[in-house]
Every structure is written in structure tokens, then in C-alpha cells.
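Visitor: I would like a close look at a single part of this model, with the cut-offs stated.

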Amino acid sequence: MATLDSKVPAGPLADKWRKHKADIKLVNPANKRKYEVIVVGAGLAGSSCAATLADLGYKVKCFVFHDSPRRAHSIAAQGGINAAKNYQNDGDSVYRLFYDTIKGGDYRSREANVHRLAEVSVNIIDQCAATGVPFAREYGGLLANRSFGGAQVSRTFYARGQTGQQLLLGAYSQLSRAIGAGTVELHAQSEMLDLVLVGGQAKGIITRDLVSGKIERHAADAVVLATGGYGNVFNLSTYARGSNTTAIWRAYKRGACFANPCYTQIHPTCIPVSGDYQSKLTLMSESLRNDGRIWVPKNKADCGKDPNAIPEADRDYYLERMYPSFGNLCPRDIASRAAKRVCDEGRGVGPTALGVYLDFSDAIRRLGENGVRERYGNLFDIYHEITAESAYKTPMRIFPAVHYTMGGLWVDYNLMSNIPGLFVLGEANFSDHGANRLGASALMQGLADGYFVIPYTIGDYLASQKPGSRPSADSVEFKGAEENVTAMNRRFLANQGKAPVSHYHKRLGKIMWEFCGMARTKQGLEQALQQIPALREEFWANVRVPGSADTLNQSLEQAGRVADFLELGELMCRDALTREESCGGHFREEHQHPDGECKRDDANFGHAAAWEYQGPDKTPLRNVEALNYEFVKMSVRNYK
Amino acid sequence: MVAAQTSSQPFSITLRVWRQAGPKQPGKFVDYRSANLSPNMSFLEMLDVVNDELTAKGEEPIAFAHDCREGICGTCSCTINGKPHGPGRGVATCQVYMRSFRDGDVVTVEPFRAEAFPIVKDLITDRSAFDRIQQAGGFITARAGSAPDANAIPVPKPDADLAMDAATCIGCGACVAACKNASAMLFVAAKVSHLGLLPQGQAERDKRVLAMVQTMDELGFGNCTNQYECSAACPKLISHDFIARMNRDYFKASLRASFRPESIGASGGAG
Ligand SMILES: Cc1cc2nc3c(=O)[nH]c(=O)nc-3n(C[C@H](O)[C@H](O)[C@H](O)COP(=O)(O)OP(=O)(O)OC[C@H]3O[C@@H](n4cnc5c(N)ncnc54)[C@H](O)[C@@H]3O)c2cc1C
Ligand code: FES
């Protein structure tokens with residue numbers, strides 16, 4: 001059984017991080033270059049981490065499966081990044097951002113981590129502006145803000161509708177600087193396929209060069225995973241097609257605990273599915289909810305009509321009706337479930353009746369078409385490209401889609417997993433968002449972890465490792481892990497099956513969406529727990545992977561990733577089944593208040609569930625970390 | 001976007017695709033029929049379906065680069081009917097929809113062609129030259145922990161907006177593929193302008209433009225002869241005015257570098 005020591009420092013909430021930084025061990029400057037750190041991933045979390053560790057003097061090797069670090073999925077984030085700057089003088093503070101995040105997460109995150117996140121949020125904006133991120137400005141030249149769901153202050157910084165792109169390019173520029181200076185060694189198109197443990201500590205990885213097919217062994221003093229989220233287990237999602245779970249899943253199979261895998265976020269505003277061939281769902285940023293109003297017809301009979309012909313009196317602005325104080329800006333999980341409910345009632349719109357309107361006519365009256373274009377122009381363009389409709393003329397149609405995974409590898413306050421020497425940053429860890437993430441907080445967390453947390457906390461671990469004690473990549477542990485990887489590839493290529501990998505990915509996605517999506521039931525989850533292992537068996541018996549292992553082979557890459565999703569999906573359903581309560585993005589129909597809101601069970605489930613691998617086809621062990629709320633009272637979330 | 005296919009009836013096209021097993025192998029066009037298409041399907045989704053059919057027959061699917069499928073990561077990179085990123089203006093390959101084609105069309109698909117972007121396989125090229133240009137100077141040196149308060153340095157809104165226009169570059173390489181000289185001027189100009197327009201970018205302004213242009217030249221990109229095919233092919237429609245801007249910057253930086261007395265130049269000021 002794994003020991004889960006959160007290592008949260010004692011003392012008042014607001015002093016913990018400062019005190020911890022003063023207490024933890026340091027590595028002296030002359031010794032830093034004797035340590036080698038592997039960073040897997042170069043999204044916001046990975047690139048900021050790699051650049052900063054290199055600036056501190058560590059030797060860094062950075063691995064990405066993309067052809068360039070600039071392509072990481074962080075690039076796609078649209079809306080913005082939160083920070084408690086209080087530049088608007090509207091009552092924001094570190095405490096308020098902390099509190100909003102804890103409450104938004106439905107009291108399932110760790111207080112001390114969240115407070116630290118809110119504290120360093122202010123440094124992030126400074127750092128990004130210094131690296132040349134062209135944030136939106138007011139006419140006086142100062143930074144502009146917008147508001148986002150789950151908050152009553154304006155604390156979101158943005159760069160048009162391309163905030164993730166600009167933040168990532170900022171972090172990428174710092175990483176590029178380090179690569180140019182020779183302090184980071186970049187391995188692009190290099191996919192981590194196994195984690196290597198030596199003496200119970202993370203000391204290296206096995207990778208496949210995706211161009212040459214070469215399997216490589218890399219040793220280091222510590223390993224950092226910043227490999228993003230696993231939402232593509234649903235097949236259809238707002239994630240980039242390449243996003244996957246492989247790095248953290250294989251680490252899980254080496255003993256790292258996987259915490260709260262069932263906490264997934266369904267984003268309320270995405271473009272609805274149009275057909276079977278669909279490969280991805282496109283998000284329409286939540287920032288649209290600042291100015292767009294969500295509605296469906298009051299009467300089912302109106303659903304097929306031209307929306308502009310439906311009179312005001314026959315429209316149901318259901319979020320404004322149900323949540324008068326937060327209205328269209330209520331948190332994502334609440335907005336998504338409300339959309340599902342009105343569609344279940346038969347009031348959905350569009351060809352599939354799985355859609356609701358997001359209407360800008362009021363905003364256009366108020367701000368003019370150009371005012372709206374200035375704020376959201378690129379989003380309206382995307383919408384037009386995909387649907388061939390103009391949202392300036394007719395309301396957008398939107399529907400919820402899988403968007404983010406709050407679960408991930410368990411980490412302590414130092415962002416270290418239960419495997420010593422294995423650190424996990426960004427969306428890949430479970431740490432800061434509890435059961436639901438607020439908008440504009442993932443970018444904040446990625447950069448907080450990479451620029452401002454890991455540079456301190458990794459030193460505490462490395463200081464306990466003798467310089468030069470790094471094992472050789474020729475040791476038996478490395479060779480064993482390498483054999484593991486090559487055996488899997490051999491097995492795929494030798495299979496004389498019939499169906500392409502995508503066939504299984506689609507089927508898994510359907511099971512997950514139906515049984516482990518927006519609303520879950522005991523019965524449904526039990527069904528999924530029957531269906532997924534059967535599908536996995538079929539996959540291994542009948543999948544077809546053409547080509548060879550010695551060249552670029554996208555089918556082979558995909559096969560490995562989907563094999564992992566087929567295992568992860570089962571764990572997610574198991575976690576959802578065991579968590580007999582509703583909280584945030586995890587909604588169990590059996591556990592709801594009469595008005596349809598989540599009914600938490602703090603006495604029995606006020607904890608993080610960290611699953612521990614026990615071997616193939618064995619039921620994993622469920623460890624718990626109790627969440628002790630010392631400073632905030634766990635209460636019922638209320639956005640009414 | 002041109003809407004050629006107006007009815008929602010399923011239709012078919014013939015795909016003429018560049019197949020090349022590896023960097024050193026010869027390549028050739030191969031025809032595939034793609035049937036049952038819906039106008040709302042994306043071009044890449046059409047390729048997915050063709051690939052699944054090939055796989056089911058035990059043949060190797062067409063390798064093509066893609067990731068975000070929403071026009072922001074810059075991974076996708078097909079030349080469709082001779083145009084980088086295909087029909088339409090201001091879109092990447094992944095934002096092309098089948099409604100742009102007609103029943104019975106023959107659609108040619110090939111990789112971005114440029115000497116500095118060698119073909120890796122089928123429709124995939126190696127664009128790491130762009131990363132190397134960035135590494136040479138496409139940054140503002142700012143170690144974490146050393147930044148002043150973000151509002152301490154106001155940036156006039158017009159400057160910030162113009163910097164943002166340049167910064168929207170997705171690094172796809174369409175500008176290079178569209179240019180008859182395979183020049184990377186638009187890509188480099190966009191980065192030089194983005195950082196050079198901001199007060200934070202001034203300290204390294206000269207050094208940046210000199211280093212990035214030099215690296216661009218070394219990597220085998222061609223010269224700019226002001227045809228501006230680059231801007232027309234750019235999925236973000238980045239203006240070629242930035243090229244003129246960079247030329248001015250480059251000229252001034254070269255002058256300053258050459259007038260710098262030895263003793264100061266040697267301390268690294270002018271780069
Ligand atoms: C469409 C969209 C819009 C969003 N908008 C917002 C927003 O407005 N505000 C906000 O705060 N958040 C937003 N988010 C969420 C946010 O973008 C992500 O949570 C965040 O960017 C994740 O960053 P990351 O660094 O953890 O991972 P990623 O950016 O996903 O990076 C993962 C990295 O790991 C590498 N990698 C992965 N696996 C391997 C492997 N096995 N081997 C080698 N390398 C590997 C990849 O190459 C990549 O470099 C949005 C998300 C989506 C999908
Ligand atoms: S796949 Fe990302 S830009 Fe086309």
C-alpha cells in the first residue's frame with residue numbers, strides 16, 4: 001500500500017509557501033550542473049519548467065512527441081489566464097482567488113496547494129509580460145481584464161481569443177533560448193513509452209524516436225512529467241488528436257498512484273457533433289458567456305423554427321432563470337448539466353436536437369457588431385468555418401463536450417508523486433482543481449508549476465541524491481523496460497487483425513460518454529466495467545497495425561495510446577462507481593438534491609482517491625488522502 | 001471560404017496523393033477514390049476515412065501531420081490543388097471542409113515543398129529549421145523571478161495590438177511553401193516585429209534581428225523578392241508589411257553593429 005504523505009507544511013495558510021521555501025533544502029550552484037533532469041512535455045508546464053531549471057543551472061533533457069515544442073496542446077487555449085492582481089480594483093485578492101478555486105472545485109482539492117497557486121498567480125502575469133506576451137491592453141497601456149465563470153471579479157488576462165497560444169509561445173521562447181544556449185537538450189518527436197525505476201526511485205525513461213523508430217534509454221537524477229490531460233479517452237473531445245495518457249499511464253503501471261481519474265470536465269460551450277466521421281469537437285471559449293445569452297425554446301414545438309423568429313416571451317434563458325446571481329457565468333459543470341437537462345426534456349435545437357443557443361443579439365445591440373468582433377472575432381470565424389453559419393446573424397448552437405481532466409497522478413505539496421524522484425506538473429497531476437476546474441485556471445496552474453513551484457521543490461529532492469549517483473542507462477532496469485516497449489510493438493505489428501485502431505477508440509469513447517460522462521449511475525458504470533474489458537480483449541485480438549516499427553508509423557503510435565486508454569477507461573469507471581456522491585464534474589444521479597444539484601458526502605468522501613496498480617487484470621488498490629479543510633468550511637456550493 | 005458543394009447529398013472525389021516511404025526514397029502520386037462524403041466533413045476527416053479503409057485492406061495509411069484540428073497548432077501542412085493549406089483564405093489545412101469541393105473533383109494533395117523542409121514521409125515534412133531560427137534569437141531574455149510588475153511598463157494599445165497581429169503566427173510554414181524562392185521572411189519578420197514592437201523587447205532588438213536573419217540564411221531558405229504569396233497563403237493572414245518593417249530593423253541594426261567601436265562590440269552589446 002502506497003504512503004500518501006501530502007507534506008503540507010504546518011502554520012497559517014498564507015505563510016505556508018513562504019515558510020516552506022525557506023525550509024526546504026537547496027542545491028548549491030556549483031553542484032546544480034552535476035544533476036540531470038528529464039522533462040517530458042513542453043506545454044505550458046513543461047516548457048516553463050525546462051527553461052527555468054536550465055536557467056538555475058541544472059542539465060535538462062526535454063522530450064516531446066510533437067515535431068516542435070510550440071505545438072503542445074496548450075496552444076489551443078482560448079479564453080484567458082486568471083491572476084489575483086486586482087488591477088481592476090474590484091475587490092479581488094489572493095484569498096478570493098483561492099476561495100473561488102476551492103469552491104469551484106467543490107471542496108475536493110488540497111487547500112495549501114490552491115492557496116500557493118493563487119499566491120504565485122501574480123508573478124505569472126509579470127513573468128509573461130516580461131517575455132513579450134502581447135496581452136490585451138486598455139487605451140492607457142495598462143493590462144485589460146475580462147471575467148470568467150465561477151467568479152464575481154474581473155481577473156482574467158487574455159490575448160484576443162488566443163491566450164494559450166501567446167502564453168505557450170512565451171514559454172517556448174524561453175525554452176528556445178535555453179536550447180540555443182545549450183542548457184536544454186531537446187528531443188522532439190520522441191515519445192516516452194516507459195518510466196524506469198532504480199531502487200524504487202524514478203531514474204529515467206524509455207522513448208521511441210517517432211521518425212526513425214529507434215527505442216532509446218535515457219537516465220537522469222529526476223524525471224518530470226508534464227504531459228497534459230487524458231480527455232481523449234472519450235475519443236471526441238476538445239483536445240488535440242494527439243493528446244494522450246501514455247506517459248502517466250505507464251508511470252501508473254510502475255507504481256505511481258492515479259488520483260481521482262473520474263473527475264473530468266465537460267465544457268458547456270462547444271460546437272455540436274455533425275456526423276459519424278467526426279474527429280474532434282471545437283470549443284467556443286467560455287469567455288463568450290460574458291456577452292452571449294444561453295437559451296432554448298420554452299415549447300418543444302418551436303425547436304425546429306428559425307431562432308430569430310421565436311419571440312422573446314417564448315425563450316427560456318434557463319441559466320439566468322435558475323441561477324440569477326451568476327446567470328450565464330455559473331461554473332462549467334453546472335452549465336453543462338443544465339444544457340443536458342433541457343435537451344433531455346426535448347427542448348434541444350439543431351439537426352441532432354443536442355444543442356442550445358448562445359445568442360449575441362443583445363451584445364451586438366449594446367456594443368455594435370464591431371465591438372463584438374473586437375472581443376470574439378476569431379471565435380466567430382471558427383464557428384463560421386465549421387458550420388457555415390454567421391453568429392452575428394443567427395445564434396450559435398452549442399453543446400457540452402469533454403474538455404479537461406482534473407484527475408491525474410497523485411502528487412504531494414512538492415509536486416512529487418509517491419515514487420521518489422518522479423514529479424508531475426500541469427494537467428497531468430491531480431493537485432489544484434478538485435472535482436471541477438474554473439475557467440482560465442489551467443494555464444495559471446501550468447505556469448505556476450513550471451516557473452514558480454518546481455524550481456524550488458525539485459531541489460529538495462535532488463539535494464538528497466549524491467551528485468553523480470545517477471544510474472547507467474545500461475543497467476538491467478533500463479534494459480528490462482526497453483524490452484517491455486519493444487515487445488508491445490512487436491505484438492501490435494504481428495497481429496493479423498482486421499479493424500483499424502480508430503474503430504476501438506470510437507467504441508471506447510461511446511461507452512465512456514454514455515456511462516462515465518455528464519451523468520453517471522451505478523448500473524451504467526457496472527455495465528461499462530463489463531464492456532470495457534471485453535472491448536480491450538477484442539482490440540488485442542483484432543486490431544490491425546500496418547507498417548513497421550523502424551520508420552514513422554502513425555498507426556503504431558495510435559495503437560499504443562489507445563491500448564492505454566482502454567485500460568484507463570476502466571479505472572475511471574471504477575473510480576466513478578466507488579465515489580458514492582456527486583461533486584463538481586462527477587455527477588451520480590443517485591446523489592442529487594431535489595433541484596438537481598450535486599449532493600456531496602463529505603463524511604465519507606471528503607478525500608482524494610489515489611489508485612495503485614496491482615498488476616494486469618488485478619483490481620487496483622484504492623488509497624485515500626483525507627482532505628482536511630483547516631481554513632475554509634466545506635459548504636454546499638451555491639451559485640443561485 | 002468558397003462553398004462549392006451546396007447540397008448536403010453525399011458525393012465522391014478522386015484523391016491524388018503524394019506517397020513517399022521515407023526521406024531518401026522516391027515519391028509518386030497515387031490515386032484513391034473517396035466516396036460518401038458529407039459537405040460538413042473536414043478535409044482531414046476525409047483523410048481519416050480513407051486511411052481506415054486502407055488499413056482494413058492491410059495497406060499503409062497516408063501519413064499526414066495534424067494535431068489540434070482547429071487552426072492553431074500549425075502542425076497540419078498539406079498543399080491541396082497546388083495551394084498550401086488549400087482553398088479558402090486565412091485557414092489551415094485542418095480548417096478546410098469538404099463543402100469546398102464538388103462531386104467528381106480530382107483533388108491533388110502533396111506535402112509543403114521547400115528545400116529547408118525535407119520530406120519525412122508522404123505528406124509530412126521536417127520543419128525544425130523554424131525552431132532553430134527561434135533558438136537563434138526569437139526571445140526576450142527573462143529569467144523567472146526577475147520580472148517587474150506587469151503594469152510597471154505600460155504598452156500603448158496600438159503597439160500591443162500590432163504586436164499581437166504579428167504574434168498570431170502558427171509556425172506552419174505555408175509562407176515558405178507558397179514562396180517561389182522558399183523564403184522564410186514572413187515567419188522571421190512576424191517574430192522580429194512582435195518582440196520589437198514591445199518595450200520589453202528593446203534591449204535585444206538589434207541582436208535578435210541580426211541573429212535570426214543570419215540563421216535563416218544559413219538554413220537554406222531563399223530570398224524575398226516581394227511577391228507576397230506568403231501573406232496570401234498564411235492561415236493567420238499576417239501582413240507582408242512586417243517584412244518591410246523587419247528590413248528597416250535589420251538595416252538599422254547592421255549599421256549600429258558596424259559603427260560600434262571594437263571595445264564595446266566585444267562586450268556583446270551589438271551581437
Ligand atoms: C480547446 C481548449 C481551450 C482551453 N482554454 C483554456 C483557457 O482559456 N484557460 C485555461 O486556463 N485553460 C484552458 N484550457 C486548458 C489548458 O489549455 C490545458 O489544461 C493546459 O494547457 C495543459 O498544459 P500542460 O502543459 O499540462 O499540457 P499540454 O499543453 O497538453 O502539453 C503536453 C506536452 O507533453 C508532451 N507529451 C505528452 N505525452 C508525451 C509522451 N508520452 N512522450 C513525450 N512527450 C509527451 C506533448 O508533446 C506536449 O509537449 C483549454 C483546453 C482546451 C482543450
Ligand atoms: S492541426 Fe493544428 S493547425 Fe491544423
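Visitor: What is the volume of the second largest pocket?

Guide: The model is predicted, so local features need pLDDT of at least 70, side-chain atom pairs count only at pLDDT 80 or more, and totals for chains, interfaces and linings use all residues, while side-chain values use heavy atoms, without hydrogens and water. Residues are numbered from 1 along each chain as its sequence is written, with chains lettered from A and ligands numbered from 1 in the order written.

The second largest pocket has a volume of about 810 Å³. A pocket here is an open set of points on a 1 Å grid over the protein atoms alone, where a 1.4 Å probe fits and protein lies on both sides within 12 Å along at least five of seven lines; the volume is the space filled by probe spheres set on points joined across faces, edges and corners. Its lining (residues with an atom within 4 Å of a point) comprises 27 residues, and those closest to the centre are Trp249(A), Lys253(A), Glu567(A), Tyr613(A) and Pro616(A). Elements are DSSP runs numbered from the N terminus: helices (H or I) of at least four residues and strands (E) of at least two. Those giving two or more residues to this lining include strand S6 (190–198), helix H7 (246–252) and helix H15 (554–578) of chain A. H15(A) gives the most, with 6 residues. By class, the lining has 12 nonpolar, 3 polar and 12 charged residues, where Ala, Val, Leu, Ile, Met, Phe, Trp, Tyr, Cys and Pro count as nonpolar, Asp, Glu, Lys and Arg as charged, and the others, Gly among them, as polar.

The interface between the chains also involves H15. Across it, the rule finds 5 salt bridges (a side-chain nitrogen of Lys or Arg within 4 Å of a carboxyl oxygen of Asp or Glu). In one of these, the closest N and O atoms of Arg160(A) and Asp165(B) are 2.9 Å apart. H15 is among the elements that give two or more residues to the side of chain A that touches chain B, though H6(A) supplies the largest share, 10 residues. That side has 27 nonpolar, 30 polar and 16 charged residues.
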